[in-house]
Amino acid sequence: MYVCICHALNDKQVSKALDTGAHTPASIFRHHGCQVQCGKCVPLMREMAQDHRSRQCGACATTCTPEPANADAYPYGVAAE
Ligand code: FES
């Protein structure tokens, strides 16, 4: 399934980025050598990253701040970081 149409990134490519340390949409883009364009994929990437974190480490919810505090206020662009 394609997650990002602008860069033709599918769910397997996003999962691979998450498995190798990416933890935000911006870091997923960086892993693949690109950056956010239209931003429509950012909410799904964020959801995939949160799901990945919840499966990886139960302590992350209290010790990590992988998303900026204002991520919900800016669904695209800035919040991709
Ligand atoms: S769909 Fe990902 S940046 Fe446009």
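The pLDDT is the predictor's confidence in each residue, on a scale from 0 to 100. The model described here is predicted, and across the protein the pLDDT averages 82, with 69% of the residues scoring at least 70. Confidence varies between the elements of the protein: strand β2 (residues 9-10) has the highest mean pLDDT, 98, whereas helix α4 (residues 60-63) has the lowest, 50.

**Overall layout**

The protein comprises 4 helices and 2 strands, and read from the N terminus these elements follow the order β-β-α-α-α-α. Of its 81 residues, 23% are buried. Among the contacts with a separation of 6 or more, 52% join residues that lie 24 or more positions apart.

**Helix α1 and what surrounds it**

Helix α1 spans residues 11-19, and V14, A17 and L18 are buried within this helix. These three residues lie on the same side of α1, because they cover an arc of only 100° around the axis. This agrees with a general property of helices: an α-helix has 3.6 residues a turn, so residues three or four places apart point the same way. On the other side of α1, by contrast, K12 and D19 are exposed. The cover over the buried residues of α1 includes strand β1 (2-4), strand β2, helix α2 (25-31) and helix α3 (42-56). After α1 comes G21, which has a positive phi near 115°.

**The nonpolar core**

The largest nonpolar core contains 14 residues, and those with the most contacts inside it are V3, V14, A17, L18, I28, C41 and M45. At least two residues of this core come from each of β1, α1, α2 and α3. In general terms, nonpolar side chains tend to be buried together in soluble globular proteins. M45 offers one view into the packing: when residues up to four places away in sequence are not counted, M45 touches V3, V14, P25 and I28.

**Two positions in helix α2**

Helix α2 holds both A26 and H31. A residue counts as buried from 20 other C-beta atoms within 10 Å and as exposed at 12 or fewer; A26 is therefore partly exposed, because its count is 19, and H31 is likewise partly exposed, because its count is 17. With residues up to four places away in sequence left out, H31 touches A17, T20 and A22. The table gives one C-alpha to C-alpha distance for each of these two positions.

| Pair | Separation in sequence | C-alpha to C-alpha distance |
|---|---|---|
| A26 and V36 | 10 residues | 7.1 Å |
| H31 and T20 | 11 residues | 8.7 Å |

**A backbone detail between the strands**

The loop between β1 and β2 contains A8, a residue that is not a glycine and yet has a positive phi of about 50°. A8 counts as exposed because it has 11 C-beta neighbours inside 10 Å, and the cut-off for that class is 12 or fewer.

**Summary**

Taken together, the buried side of α1, formed by V14, A17 and L18, is covered by elements that include both strands as well as α2 and α3, and V14, A17 and L18 are also among the residues with the most contacts inside the largest nonpolar core. Any reading of helix α4 should keep in view its mean pLDDT of 50.

Note on methods. Residues numbered from 1 in each chain as written. Predicted model: local features only at pLDDT ≥ 70, side-chain atom pairs only at ≥ 80, totals over all residues. Contact = placed C-beta atoms within 7 Å. Arc of directions from axis to C-beta. Core = buried A, V, L, I, M, F, W, Y, C linked by C-beta atoms within 7 Å.
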